[in-house]
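The following exercises are to be worked with the sequence and the 3D structure in view. Each task is followed by a solution in steps.

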Number of protein chains: 2
Amino acid sequence: MTNETTRREALIGIGAVAGLAALPQAACAQPGRKLGYAIVGLGSYATNQIMPSFARCQHSRIAALVSGTSEKLARYGAEYDVPEKNRYSYATFDRIADNPDVDIVYVILPVSMHAEYSIRASKAGKHVMCEKPMAPTARECEAMVAAAAGAGKKLMIGYRSRFQPHNVAAIELCRTKAIGDLKMIRTAHGFPIQPNQWRLDHKMSGGGSMMDIGIYSLQAARYLAGEEPVEVTAVESTDRRDPRFATVEDRIDFTLRFPSGLLASCISSYSSSHNEYRAIGSDGWIELEPATAYRGQAMRVRRNGATSTPNIDTSGPDQFVGQLDHLAQCIRDNRTPIVPGEEGLRDIRIIEAIYRSMREKRAISLT
Amino acid sequence: MTNETTRREALIGIGAVAGLAALPQAACAQPGRKLGYAIVGLGSYATNQIMPSFARCQHSRIAALVSGTSEKLARYGAEYDVPEKNRYSYATFDRIADNPDVDIVYVILPVSMHAEYSIRASKAGKHVMCEKPMAPTARECEAMVAAAAGAGKKLMIGYRSRFQPHNVAAIELCRTKAIGDLKMIRTAHGFPIQPNQWRLDHKMSGGGSMMDIGIYSLQAARYLAGEEPVEVTAVESTDRRDPRFATVEDRIDFTLRFPSGLLASCISSYSSSHNEYRAIGSDGWIELEPATAYRGQAMRVRRNGATSTPNIDTSGPDQFVGQLDHLAQCIRDNRTPIVPGEEGLRDIRIIEAIYRSMREKRAISLT
């Protein structure tokens, strides 16, 4: 058994969190105060997924809240012990510059507001965590990266799956060629979208399923591939008579071509349920379904003609805790996050090419 | 419970073979002699899959053999009790016209020879079963259809999956909207091809993985969709330094757009293993993996948030028997086979568009 094989088997058998050197590891936790997050935007994802996760964090805490709704500030301020002086409206947001309790501003707003609030946070001298997709256009992403760099502060994008143990294990299995050379990746993400929400208004979302859920297919293809695509070909299907899709797209089937010859066949949908990927190599495949859900990930691996369901250790930090503590630790250690602003920008550049390909009905070069 | 639901549940529960009216049914078997097949080409598929299946047929028997290798004629002639007078070389093939034992000529030759031998069989006054892909070009397919029509004889293409119980059940579930309206189809077919065989010689095969195994993805997309595609977009990846791929393609990712808005995302590969499809509707999905193998099909259905593995009755005719007896019964009843020459032609027209799309790197309209 080679060292590589041993490492791979150990990874599947005893837990994946140690698989990537850059990931947060409880073993190297440093003492000291937890870094303070200001949560900007108290919508569903913030209040149901992100804010409850801080209770499990070692390096992060909720220090401030920002909302345009005073009732939300009062309710969540009380629930999370955020003093009144650390509750901000959008009008008073910039005063956060003077608040030493706040180290990091986490932007969880409609996509069209990401650039503005990320840049204002950088200018206020704060580190920034920004939800994905980073912004509606690559131009805005570039401005966000420049603002953080100009302030000498960090900017990270909320790609939680990069901290999810099954996904970390799948990446490691691809890197160590557990299924041989990668030949194909297939991934699909989608759900039937409910009407009447900001995500269906192009002015606020910057796009339809691709910006919201298809970005998981794009990210998965890129992190499993471990290389950058050189060409994209996309096909759209949207029923414009459906009032949900008056301004944004429904389904996109897009194909990424990578320099090695690997093809990734990817789906994004607002009218059917998908949450899966399969990386297919010369010697087998690795599948996650669900792949990027909030919880419940399951892996199957096919090698040597047999399908197995590896037991991934999920006793360590979950993806939400991993993401939040990773930025805190990167700030302490002055390291670059594994998903910095530049990573968000890469996705948006590819998404712009996907939109162009589906409009022009031709392959678009990314080089 | 509606009648439609009852029918659907019955189909899953007690067997799928009765699902399509055109399928062979033991219940309506007619008495009389079995129709005689002449097997043209004694290669692996003919000798390992097709010829052993006649022992299970009710309406079909092996009447004659055609081969360029006299040792094969002697060996299989003895094994299948084919008298010497019913053993032909390619030079003597046309004399089959005078042999009343032969009703049907089954062409199982390299693809480049399909048109010639199908047309010669039609001209000899015989019905024809021809393996898929029908021929390297649509022009040849059209000539085959015309020859059969001119002779007043039937022409059927060997699409065995249309007679495989799990596939029949999947089609019926799609038709009866068991998973709501179809939104996406995903299908992949491939295997790592061994070097040094006629399939890797473009002059004999007419193409690479697409003609050989990708055609299963194309067929599955079409029979699950129940409508004809109006546009195709294809992306190729072939390592031309690999001696296997000197003249034929390796991987193709192609997308079919259907009039309803349904998209089918399809893979064909000669360097990775795939045999699966999933039809995804507004209310769930139906998956087969393996989907189109010789045996071992397995189905999963997701509806109402739960995944089940329906028990498909496979006690009736298998796909090989179903295919062979279907043509025999169509001849007796003077019905058109469910996969006539025109169906093979449709696939080849789409494959020509797939090749054009991957060369020109743009979407190709099929209307």
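**Exercise 1. The surfaces that meet**

Through which surface do the copies meet?

Solution. The model examined here is a predicted one.

Step 1. The contact takes in 35 residues of chain B and 35 residues of chain A.

Step 2. Of the interface residues of chain B, 100% are also interface residues in chain A, so the copies meet through the same surface.

Step 3. About 3,100 Å² is buried between chain B and chain A, and carbon and sulfur atoms give 48% of this area.

**Exercise 2. The relation between the copies**

Determine how chain B is laid on chain A.

Solution.

Step 1. In general, two copies of a chain are related by a rotation about an axis and a shift along it.

Step 2. Here a turn of 180° with a shift of 0.0 Å along the axis lays chain B on chain A, with an RMSD of 0.0 Å.

Step 3. The two copies are therefore related as by a two-fold rotation axis.

Step 4. To locate the axis in the model, find B:R362: within chain B, its C-alpha is the nearest to the axis, at 2.0 Å.

**Exercise 3. Charged and polar pairs**

How many salt bridges does the rule find across the interface of chain B and chain A?

Solution.

Step 1. Side chains of opposite charge can pair when their charged atoms come close.

Step 2. The rule accepts a side-chain nitrogen of Lys or Arg within 4 Å of a carboxyl oxygen of Asp or Glu. A:R278 and B:E289 satisfy it, with a distance of 2.8 Å from N to O.

Step 3. Eight salt bridges are found across the interface of chain B and chain A, while a search of the whole structure gives 56 over all chains.

Step 4. The interface also holds 23 residue pairs in polar contact, both residues being at pLDDT 80 or more.

Step 5. On the side of chain B that touches chain A, at least two residues come from each of β7 (182-190), β8 (231-237), β9 (251-257), β10 (263-269) and β11 (274-281) of chain B. The residues of this side comprise ten nonpolar, twelve polar and 13 charged.

Step 6. For a salt bridge within one chain, consider A:E116 and A:R120, whose closest N and O atoms are 2.6 Å apart. Both residues belong to helix α4 (residues 114-123) of chain A and lie four residues apart, about one turn of the helix.

**Exercise 4. Two sheets**

Give the strand order of the open sheet of six strands in chain A and of the open sheet of nine strands in chain B.

Solution.

Step 1. Strands of a sheet pair through backbone hydrogen bonds, either parallel or antiparallel.

Step 2. In chain A, the six strands follow the order β3-β2-β1-β4-β5-β6, with parallel pairing. Its edge strands, β3 (87-88) and β6 (155-157) of chain A, each pair on one side only.

Step 3. As an example from chain A, β4 (residues 104-107) and β5 (residues 127-130) pair in the parallel sense over four bridges. A:I104 stands opposite A:H127 in β5(A).

Step 4. In chain B, the nine strands follow the order β14-β13-β12-β11-β7-β10-β9-β8-β15, and the pairing is mixed. At the edges stand β14 (306-308) and β15 (364-365) of chain B, each with a single partner strand, so one side of each has no neighbour in the sheet.

Step 5. β7(B) and β11(B) run antiparallel and are joined by eight bridges; B:G190 stands opposite B:H274 in β11(B).

**Exercise 5. Backbone exceptions**

Where is the place of A:P133, of B:P290 and of A:K361?

Solution.

Step 1. Most residues other than glycine have a negative phi, and most peptide bonds are trans.

Step 2. The peptide bond from A:K132 to A:P133 is cis, with omega near -10°. A:P133 lies in the loop between β5 and α5 (138-151) of chain A.

Step 3. B:E289 and B:P290 are also joined by a cis peptide bond, with omega about -5°. B:P290 belongs to the loop between β12 (284-288) and β13 (299-303) of chain B.

Step 4. A:K361, a residue other than glycine, has a positive phi near 55°. A:K361 is in the loop between α10 (341-360) and β15 (364-365) of chain A.

How values were computed
Residues numbered from 1 in each chain as written. Chains lettered and ligands numbered in written order. Predicted model: local features only at pLDDT ≥ 70, side-chain atom pairs only at ≥ 80, totals over all residues. Heavy atoms only, no water. Contact = heavy atoms within 4.5 Å. Buried area = accessible area lost by both parts, 1.4 Å probe. Polar contact = N/O pair within 3.5 Å; in protein donor to acceptor, adjacent residues only side chain to side chain. Nonpolar A, V, L, I, M, F, W, Y, C, P; charged D, E, K, R; others polar. Pairing = 2+ DSSP bridges. Least-squares fit on C-alpha atoms with pLDDT ≥ 70 in both.
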